[in-house]
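Morning, everyone. I have one structure to walk through today. Please have the sequence and the model open.

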Amino acid sequence: MGYQILLICVFAFIPTILSRGTITLGHDTTMGTIVIDGTKTIAETDENFVCLTLDIWPHDECRWSKLCVWDGHASMLNLDLTLPILNKAVQAFKSLRIRVGGTLQDKLIYNVGAGFKGTCHPFQAIEGSLFDFSVGCLYMERWDDLNNFFNNTGAIVTFGLNALLGKHNTKGIQWEGKWNYSNAEALIQYTVEKNYKINSWEFGNELVGRISIGASITAAQYAEDLLKLREIIDRLYNNSQQKPLIVAPGAFFDEAWYDEFVRKTGPKVVDVLTHHIYNMGAGQDPKLVYRFVNSTYLSQVSNTFEQLKNVIQKNAPWAAAWVGEAGGAYQGGSPHLSDTFINSFWYLDQLGMASLYNTKVYCRQTLIGGFYGVLKSSTLLPTPDYYGALLFHRLMGPRVLKIYNHVSSDLRSYAHCSRGRSGVTLLLINLSNTTDFLITIESNMNMSLQKRNTRTNDSHLKHRRKRTASREEYHLTPKDGLLRSSTVLLNGNPLETTKEGDIPNLMPVYRESNSFIRIASWSIAFIVIPDFVAGGCK
């Protein structure tokens, strides 16, 4: 009861704390142990799990009163691809996945092929039309520029195709008719002839299920259209060493629709099932800020991951699960939240949580554009989420380990095999504003050995305690303690690009492996333990 009363008191102070960025309550320190089961992996991501998106919205997309969310030429159609800071931000990942697409991909015509070349024009705002915009155009000169950018930065590309072409609106938001595939086929043909490397072609965006956006297509029709796309990909890439994946449906998860869809397409037609996540609510919701530090709220979306995992295991074992788009808050994100430190509580927790359910790729909305871009549209300067994504990509390997955390629900914890080296890496997120956590790390193998042998000089325990290698710690905190700060500190030092746009070195601090790990209140930490013996990581 005392603990419950304390929590009530803490949450009562949250509005004051969040608005001022200062902590008015005294700090407590809680000690505890986190146990990692290193004997086997429980899930596995793709080597290139972290993914960022480029959307299509033009600069005059203005849903918010007196505020154009996409102002700044952040669309894949008009973004200046030659900017050094943009190129260096992508190159820092060495192999960053980029998903190109969004709502307007289903109104985008490609200026290539019979009947289309020379007949398409830029997007124009038209109130009352589907998505409030006219049909737009992707010119092949721009497609060439995009692919040169992808090649120069090492990006791994997913491109979203127009799935509405040839269909017509029948009633409400329902659209029917067979897909007119000729324009998409011409674009793919052009891409093959140019030898551009596209990792995957995605079909449609948010056109299916109970939460279709603007237009809706039945599972039966979607399956029929995908069978045609599969035939096109197989034919045009017949002599290619690396055939692109087919990704679909890029929608909000609807278990009944997804289940029917995979049964109607059959084996090995769709390689990846994607779903979108905007679980934090509307960008203008005044209650949004409190959800970032609410552990119970953050955990609710795990049901979606579990349900999609079950659909794949039951009816589509050949397919992989991806999060194709996730921005936290919808409507372009939330100003002074989506681009600040507090958003990292949601974003990095999502990366850790999605990994637990065999999600292979997680695409964050966006690389640039809207309020949720990890690069600011006006300056291209990295936000705290950019650095969090880069650390996750560099430190957390594909293999996921089970973790036992009985310390506190406010301490979100995830463990992976370390990337490219021995040992394990933990992601620890402290949602509490009043409590620091002092953590020890144990292996469940050693714990079980301890139960079998109560002698304190057990050789296995001696071996565990003789760690000589230092561990690496990367502690992320907001500048001046302000959760809405757009500047993040790494081990107390602000992360800032150079005048030339170079990304700063992300340097750890080193600690003795057997010493306590301190996780400060309202902070995030990556902990790399190179001498942690984990059989599942070999």
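Let me fix one term before anything else: buried means under 20% relative accessible area. By that cut-off, Cys120 is buried, and so is Cys137. Please keep in mind that this is a predicted model.

Stay with that pair. A disulfide joins Cys120 to Cys137, with the sulfurs 2.0 Å apart. Where do the two cysteines sit? Cys120 is in the loop between β4 (108-110) and β5 (136-138), and Cys137 is in strand β5 itself. They are 17 residues apart, and the pair links distant parts of the chain.

How many disulfides are there in total? The count comes to 3.

Next, Cys51 and Cys363. Their sulfur atoms are 2.2 Å apart, and they form a disulfide. The S-S torsion is about 85°, so this disulfide is right-handed. Cys51 lies in strand β2 (residues 50-54) and Cys363 in strand β15, so the bond ties together parts that are 312 residues apart in sequence. Cys51 and Cys363 are both buried.

Then Cys417 and Cys537. This disulfide has its sulfur atoms 2.0 Å apart. Which hand does it have, right or left? The torsion about the S-S bond is about -85°, so it is left-handed. Cys417 is in strand β17 (residues 411-418), while Cys537 is in the segment after β25 (523-529). The two are 120 residues apart, and again the pair links distant parts of the chain. Both Cys417 and Cys537 are buried.

While we are in that segment, look at Gly535. Gly535 too is found after β25. Is Gly535 buried or exposed? Neither: at 44% relative accessibility, Gly535 counts as partly exposed. Leaving out residues up to four places away in sequence, Gly535 touches Gly38 and Thr39. Now take Thr41. Gly535 and Thr41 are 494 residues apart in sequence, yet their C-alpha atoms are 9.1 Å apart in space.

On to the barrel. It is closed, it has 8 strands, and the pairing is parallel. The order is β2-β3-β6-β9-β10-β11-β13-β15. Ignoring direction, neighbouring strands of this sheet are turned by 25° against each other on average. Take one pair from it. Strand β13 (residues 320-326) runs parallel to strand β15 (residues 359-364), and 4 bridges join them. Within that pair, Val323 stands opposite Tyr362 in β15.

Now helix α10, residues 342-356. How does its length compare with what we expect? At 1.5 Å a residue, its 15 residues should span 21 Å; the end C-alpha atoms are 23 Å apart, which agrees. Of those 15 residues, 14 are buried, so α10 is largely enclosed by the rest of the structure. Just after α10, Asn358 takes a positive phi of about 65°.

Last topic, the nonpolar cores. In soluble globular proteins, nonpolar side chains tend to be buried together. Here the largest core has 140 residues. Which members touch the most others? Trp143, Tyr222 and Phe261. Beyond four places away in sequence, Trp143 touches Leu138, Phe159, Leu187, Tyr190, Thr191, Tyr196, Ile198 and Trp201. A second core of 22 residues is separate, and its members include Ile36, Ala415, Phe437 and Cys537. That last name takes us back to the disulfide between Cys417 and Cys537.

That is my tour. Over to you.

Notes
Residues are numbered from 1 along each chain as its sequence is written. This is a predicted model: local features need pLDDT of at least 70, side-chain atom pairs count only at pLDDT 80 or more; totals for chains, interfaces and linings use all residues. Side-chain values use heavy atoms; hydrogens and water are left out. A nonpolar core is a set of buried Ala, Val, Leu, Ile, Met, Phe, Trp, Tyr and Cys residues joined through side-chain atoms within 4.5 Å. Buried means under 20% relative accessible area, exposed over 50%, partly exposed in between (1.4 Å probe, protein chains only). Contact means heavy atoms within 4.5 Å. Two strands pair if DSSP finds at least two bridges between them. Axes are lines fitted to C-alpha atoms, for helices over the stretch in contact, and angles run from 0 to 180 degrees between N-to-C directions. A disulfide is a pair of cysteine sulfur atoms within 2.5 Å. The expected span of a helix is 1.5 Å times one less than its number of residues.
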